[in-house]
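Reader: I have a two-chain model open at the bench and would like to talk it through. Could you walk me through it?

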Amino acid sequence: MAVTGAGALNQRQPLRVFRLIPGGTRTVLLVLPATAIFVIFFIVPTILLLAIAFNPSKVGVVDFSFSNLTLETFQRFFNRPLYWQALVRSVELSVVTAVLALLLGYPLSYFVAKEQRPGRANLYMILILSSMQLDLIIRMYGLMILMGDTGLINDTLLKWNLIDSPLPLMYNQFGVIVGMVQLALPFMILSLIGVIQGIEPSLEEAARSLGANRLRTFLTITFPMSMPGVLAGSLLVFAIAVGSYAVPVLMGGWRVIVTPMHIYQQVSEVGNWRFAAAIACLLFGVSLAAVFVYHRYTQKYIGGLV
Amino acid sequence: MSVITKDAPPFNPPTSASPRRNDKDPHPVPLLFRIIAVITFAYLLIPAVIVVAAGLNSGTYLTFPPEGISLKWVRGFLTSDTFLPAYLFSLRLAFVTMIISTVLGTMTSIFLTRVAFRGRGVARAFFLAPLLLPGVVIGLALYTYYLNMPWLHLSRTFWGMMLGHVLVTMPFVIGTVSASLYGFDLSLEEAARSLGSGPLRAFFTVTLPNIKSGISAGSLFAFIVSFGQFDLSLMLSTPNHTPLPFAMYNSLRYQFEPTSAAAGTFAILLVVVSMLLTSRMTNFSKFGGMKFS
């Protein structure tokens with residue numbers, strides 16, 4: 001459905017101020033309350049956080065002062081391997097998560113997108129959406145019961161004498177990745193299903209009828225055509241994984257230190273708000289870079305309709 | 001004459017006898033894809049199944065095969081002085097968040113889908129941004145802001161936390177409601193307008209019933225996302241304002257307590273029941289195209 005001409009509903013001449021937005025003052029009222037909330041409670045706080053990061057780090061001080069602007073907090077971050085290594089680790093873990101989510105998510109998305117029976121397709125969507133909507137802590141709880149040293153897997157394997165000592169499934173990078181993929185997979189799947197459904201079946205049929213086998217059809221037609229979904233989903237998964245606090249804490253048991261943990265630690269344990277703000281800004285920058293790339297790709301492929 | 005009748009059968013092949021493609025799929029999904037799809041489904045759903053099993057298990061630790069079914073952890077949850085209040089607090093918070101997010105998000109979606117202006121893509125990205133930014137960062141930004149603006153009286157309050165939840169749930173409402181608005185034929189509303197009804201009446205009698213499914217799905221997502229929100233609540237919760245995920249997280253950090261599994265079972269029940277209720281109104285298979293960009 002194309003977007004219909006602007007101002008079709010409002011014949012009144014718009015005020016000069018709102019020339020930028022056709023439809024006049026009355027349509028602006030629609031978006032005003034949400035904009036107000038977003039500006040007052042999202043944009044301003046984020047700018048304030050950014051500003052605080054440029055004050056020298058001092059324990060117990062929250063407010064911003066114009067008089068002493070400095071890069072001290074950022075220097076501190078990059079001078080101490082503890083902090084910047086955590087950011088590198090965050091990015092690495094998130095990249096691995098995005099790749100695994102794609103490898104696991106693509107076949108499922110393809111399977112659901114090609115489902116012809118509407119009842120089945122609806123059921124699959126309910127399952128995927130439920131798994132996305134389910135409380136993150138509950139899902140990690142389930143994984144912990146399953147993968148802990150005395151968890152279900154190790155317990156059963158030990159009881160059956162298949163192993164002598166518990167397998168290290170959790171409290172390491174492996175556990176964190178399993179948790180992050182669990183967290184982000186539904187977003188990957190939702191990004192992919194729509195794109196795969198949108199591929200004209202006659203293109204695949206044409207390739208098949210011209211003699212390409214199934215693998216070749218997939219590699220030369222289906223997969224390249226689903227690239228927008230692949231890129232969008234991967235960057236979305238990356239952004240979700242890189243900002244996650246609860247997953248590395250629960251699945252890594254404080255043995256895999258990532259940047260969101262440093263932010264919380266600086267606030268709750270050290271009380272160094274300004275340094276926490278600086279770390280938050282750097283993490284924010286990494287996510288924003290991912291979002292920016294994501295937005296560029298979707299703009300390019302979907303033409304900015306959505 | 002006889003030639004035609006002879007030639008006719010080949011032009012009427014048996015495929016046309018079964019016009020539905022159900023029994024013979026022209027594009028069977030490759031076996032490898034089917035196998036991985038099953039594994040991925042299992043991976044997505046097993047954690048929830050395990051939490052329910054632990055909540056209904058008779059022993060303290062879940063074993064395989066299970067020892068037996070018991071309701072003692074459920075009883076423990078219903079008499080708990082940490083989990084039950086947290087559950088009720090989360091319900092209250094999610095309900096208020098849902099109402100505000102749904103109303104404002106629907107209004108914003110109408111604006112974003114109907115009014116063409118330069119920078120609409122940017123405006124859309126602006127409203128969807130909280131989904132992609134780390135919850136810890138948004139939480140820290142709000143906490144710092146509340147502390148710096150004491151006259152707002154929002155620091156460590158229910159309303160302060162609720163505003164954060166509105167920020168992170170609105171993208172879901174905008175995503176689903178916009179999807180249904182793109183599918184709505186605007187000429188229906190124009191017809192109502194040309195027959196003399198005012199803009200509000202045209203909206204409430206024609207458009208709203210048509211996008212009802214998108215709105216109900218969006219409000220469901222807002223409710224559930226708020227109910228399960230953790231990273232944001234981490235920064236904003238206080239001992240007397242503890243949402244359920246935070247209470248569960250606290251108990252998980254120190255000891256394994258099946259009571260929290262029972263609490264989790266009730267949360268899962270809430271998701272499943274509300275998903276099923278909404279699926280009666282909404283065709284979820286349409287949401288494959290839900291976009292978060």
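Author: Happy to; what follows is a set of short questions and answers on this model, which is predicted.

Reader: Let's start with confidence. What is the mean pLDDT of chain A, and what share of its residues reach 70 or more?

Author: Because pLDDT is the predictor's own confidence in each residue, from 0 to 100, it is a good place to begin. For chain A the mean pLDDT is 83, and the share of residues that reach 70 or more is 88%.

Reader: Which element of chain A has the highest mean pLDDT?

Author: Among the elements of chain A, the lowest mean, 80, belongs to helix 13 (residues 273-302) of chain A. At the other end, with a mean of 94, is helix 3 (residues 81-113) of chain A.

Reader: Over which residues of chain A does pLDDT stay under 50?

Author: The model does have 32 contacts beyond four places in sequence for this stretch. Even so, pLDDT stays under 50 there, and the stretch is residues 1-20 of chain A.

Reader: How many helices and strands are there in each chain?

Author: Read from the N terminus, the elements of chain A are α throughout, and the pattern of chain B along its sequence is α throughout as well. Chain A has 13 helices and 0 strands. For chain B the count is 12 helices and 0 strands.

Reader: What percentage of each chain counts as buried?

Author: Chain A has 306 residues, and chain B has 293. The buried share is 47% in chain A and 48% in chain B.

Reader: In chain B, what part of the contacts between residues at least 6 apart joins residues at least 24 apart?

Author: For chain A, residues 24 or more positions apart account for 68% of the contacts with a separation of 6 or more. For chain B, the share of contacts joining residues at least 24 apart, among those at least 6 apart, is 77%.

Reader: Now the place where the chains meet. Which helix of chain B gives the most to the side that touches chain A?

Author: In all, 94 residues of chain B are in contact with 96 residues of chain A. One helix of chain B gives the most to its side, with 15 residues, and that is helix 2 (residues 31-56) of chain B.

Reader: How does that side of chain B divide by class?

Author: Sorting the residues of chain B that touch chain A by class gives three groups. They are 65 nonpolar, 20 polar and 9 charged residues.

Reader: I39(B) is in helix 2 of chain B. Is I39(B) buried or exposed, or something in between?

Author: A residue needs 20 or more C-beta neighbours within 10 Å to be buried, and 12 or fewer to be exposed. I39(B) has 13 inside that distance, so it counts as partly exposed.

Reader: And L136(A), in helix 5 (residues 136-147) of chain A: buried or exposed?

Author: Beyond its neighbours within four places in sequence, L136(A) is in contact with residues of both chains, including L183(A), A246(A) and F230(B). L136(A) has 22 C-beta neighbours inside 10 Å, so it counts as buried.

Reader: Which helix gives the most to the largest nonpolar core?

Author: This core has 170 residues, and those with the most contacts inside it include M140(A), A246(A) and L140(B). Leaving aside neighbours within four places in sequence, M140(A) is in contact with A246(A) and L250(A), among others. The element giving the most to the core, with 16 residues, is helix 7 (residues 173-197) of chain A.

Conventions
Residues numbered from 1 in each chain as written. Chains lettered and ligands numbered in written order. Predicted model: local features only at pLDDT ≥ 70, side-chain atom pairs only at ≥ 80, totals over all residues. Contact = placed C-beta atoms within 7 Å. Helix = DSSP H or I, 4+ residues; strand = E, 2+ residues; numbered from the N terminus. Nonpolar A, V, L, I, M, F, W, Y, C, P; charged D, E, K, R; others polar. Core = buried A, V, L, I, M, F, W, Y, C linked by C-beta atoms within 7 Å.
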